[in-house]
Each structure stands twice: as structure tokens, then as C-alpha cells.
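Colleague: Got a minute to go through this model with me? I'd like to get a feel for the fold before I head back to the bench.

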Amino acid sequence: MRLYVTLLLLSTAVFSDHKNIADRHAPIGVMKDHIHKPGEFMFSFRAINMEMNDLINGNSEKSILDYKDANNKSMIPTNMNMKMYMVGAMYGINEKITLGIMQGFMKNTMEMEMAMNGMESESETEGLGDTSLSALYGIIDEPNLKLVGNLGLSLPVGSIDEEKNGMLLGYPMQLGSGSYGASFGATGIKYFDIYSAGVQVQGKTFLGRNDEGYRLGNEYAFTSWISVMPINSLSFSLRLERKQIERISGINEDMHTMMSTTHDTKFSLRRFDSVLVGANYVFRSGALKGHRLAFEYGKLAAFDVNDFQLAPNEQLMLGWQKAF
Ligand SMILES: [Cu+2]
């Protein structure tokens, strides 16, 4: 009897300390994975760096010569870097429902080469991205099994009129979608002792054409991961992710299609598979108790795209989170 009570107390102590256990948050690249207790706030910050440097078409790498043979567009994209800084907040309104808001600040750089004479040029855009609002619902909230559903709304805050020398830059260089968007998804995580396994499906659709006359394609993402936690403050994860983005509908009439494939909506159907490794760390004592630090590094493993574009070869995400 005494043993039973001790075990019971011990297990409640462990469970009530869940927010200070490393693997109770998914890898940092996965969002909307957990809910909060009523009245609890969480703030987060993420920095993302994505390098895009291989020219691809279909499912293989291409050369500048291949591009010139296939197109008579005047510019060839050779390199793109995307940096994003994301600030987020979450709030548990009751046992089941948590609300979230997230805002990104983007900085994009693209290098291009002129088809005619090989001259290089660079363009840059920076500013706010679209704002995302979400509601998370704890469908199953058992100590070792979580299932969280999510519904989201994105607001067209980011600019879609970015230009250089009076010429509109291509679709990938624009900071926002220009349209309201709706998203939905679910995340399931099962914990087994020091191991856990999770899966998430997400879908997003833009609700209409923007002021420039186009609408970004639907996005689908599927990811699954396993995680191992050698000590309660530290977990390591291995994750696979598939992202599919449908073709842009409509067209921005002011964009010069002949400039580059990035100015043509044909390029916009794409599927990317990535492999990511990451770690979560949570301070369990001391002045920094409850602060979480995490990183995730991913490499592109396979792709299938429509028309020439740059591959998102690698990405690094660093994150900080703290609940109050
Ligand atoms: Cu949170």
C-alpha cells in the first residue's frame, strides 16, 4: 500500500512537470504540436536559414546549359538564401483549447546570371511575412498519448509588390501571399519510456486571388519523427518531411514572364522530401528553469518539381521557448 501511494505520488510529480521534459515538445521545426494549461502563456522565437543553390527540374539537378537549352528567358537563378525570424505566442484558454499567433520577418537574397553574357546580379527583399493565427484542440490528452487538432487563419500582411529598379521580382522573392489562408491539421505523439514517435499532417489553402490577380497553390505537409531522451533535459530527434505545393493559379500581369522561370507560374508545382536531425534542451533547475533551446538541421533528400527552380538544399532552425 505504501509503495503504491509512493508510486502514485511519484508519477503525479513526473507528469505535472511535463513542460520541463525535453521531448514533450516536438522537434522545433514542427509547430502546433502541443496545448497549454488554462491560463498558461508560452512565447517562442525561431531563426531559420535556408540555402537554395542547386538548379533542378523534374527530379534531377540541371546545369545552366540545360536551362538555356530549354528556355529563352533572360535570367538564370543561381542561388537563393531565405532567412526568417519568427515570434510566436500561445495561450491556454481552457483544458482543451489553446490559441496561437505567429509573425515572421523575412530576408531573401537571390543571385541570377544573365543568359546573354553571364553577368551576375543580386536582388534582396526584407520585411514582415503573413501573420498566422491558430486554435489548437486537445483531442486526446493522456500522459503517454497526445492528439492535437489545429485550425488556422493566415492574414495577408506580407508584401507582394517587391521590386528592383522598378521591375517586379519573381514569386519566390515576394514576402507574403497576398491572400487570406485557411489551414488545418493534426499531430499525434506516443511516448514509450525514453522514446517517442510522432506524426503530423497539415494542409493549407488560400481563399482567393490577391490584388495582383494570382493565388498561391495549396500546401500539404506530412512529417513523422522519432525521438530519444537519454536524460529528461535533452532529447534527440530524427524526422522525415514531405511538402507538396500546388501550382499558382492566375498570374501577376505586371510580372515579366520572360525574365526568368521564377517570374513564371509554371515553376510553382513542387514536392520536396527532407531528412532532419535535431535536439531539444530544457533547463530543469536554476535561474533559467523552464527555458527551452532547440535546433533542427535538414537536408533535401528527394524532389519532384515542374520547370527549372532552385532546390532548398539545406536548412537550419534555432529556437527558444518559455512558458509562463
Ligand atoms: Cu507552446
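Modeller: Sure, let's go from the whole chain down to one strand and one residue.

Colleague: How far can I trust it, what's the average pLDDT?

Modeller: Keep in mind that this is a predicted model. The average pLDDT is 92, and 94% of the residues score at least 70.

Colleague: Where does pLDDT stay under 50?

Modeller: Over residues 3-16. The model gives that stretch one contact beyond four places in sequence.

Colleague: OK, and the secondary structure, how many helices and strands?

Modeller: Two helices and 18 strands. The radius of gyration is 22 Å, close to the 20 Å from the globule rule for 324 residues, so the chain is as compact as a globular protein of that length.

Colleague: What does the C-alpha trace span along its principal axes?

Modeller: About 85 × 35 × 30 Å.

Colleague: And what share of the residues is buried?

Modeller: Buried residues are 34% of the 324 in the chain. As for contacts between residues at least 6 apart in sequence, 67% of them join residues at least 24 apart.

Colleague: Let's zoom in on S11. Which strands does S11 pair with?

Modeller: One is S10, residues 181-192, antiparallel over twelve bridges. Another is S13, residues 219-231, also antiparallel, with ten bridges.

Colleague: Any residue pairs I can click on?

Modeller: Try Ser183, whose bridge partner in S11 is Lys204. On the S13 side, Tyr195 stands opposite Val228.

Colleague: What's between S10 and S11?

Modeller: A hairpin with two residues between the strands, where Asp193 takes a positive phi near 55°.

Colleague: Which side chains of S11 point to the buried face?

Modeller: Ser196, Gly198, Gln200, Gln202, Lys204 and Phe206. The other face has Tyr195, Ala197, Val199, Val201, Gly203 and Thr205, which are not buried.

Colleague: Why do they alternate like that?

Modeller: That is what a regular strand does: side chains alternate between the two faces of the sheet.

Colleague: A glycine in that list caught my eye. Why does Gly198 count as buried?

Modeller: Because Gly198 has 22 other C-beta atoms within 10 Å, and the cut-off for buried is 20 or more.

Colleague: What does Gly198 touch?

Modeller: Leaving out residues up to four places away in sequence, Gly198 touches Ala26, Thr187, Gly188, Ile189, Ser224 and Trp225.

Colleague: And how many Å separate the C-alpha atoms of Gly198 and Leu169?

Modeller: 39 Å, with the two residues 29 apart along the chain.

Technical notes. Residues numbered from 1 in each chain as written. Predicted model: local features only at pLDDT ≥ 70, side-chain atom pairs only at ≥ 80, totals over all residues. Helix = DSSP H or I, 4+ residues; strand = E, 2+ residues; numbered from the N terminus. Rg over C-alpha atoms; globule rule 2.2 N^0.38 Å. Buried ≥ 20, exposed ≤ 12 C-beta atoms within 10 Å, placed from the backbone. Contact = placed C-beta atoms within 7 Å. Pairing = 2+ DSSP bridges. pLDDT = per-residue confidence, 0-100.
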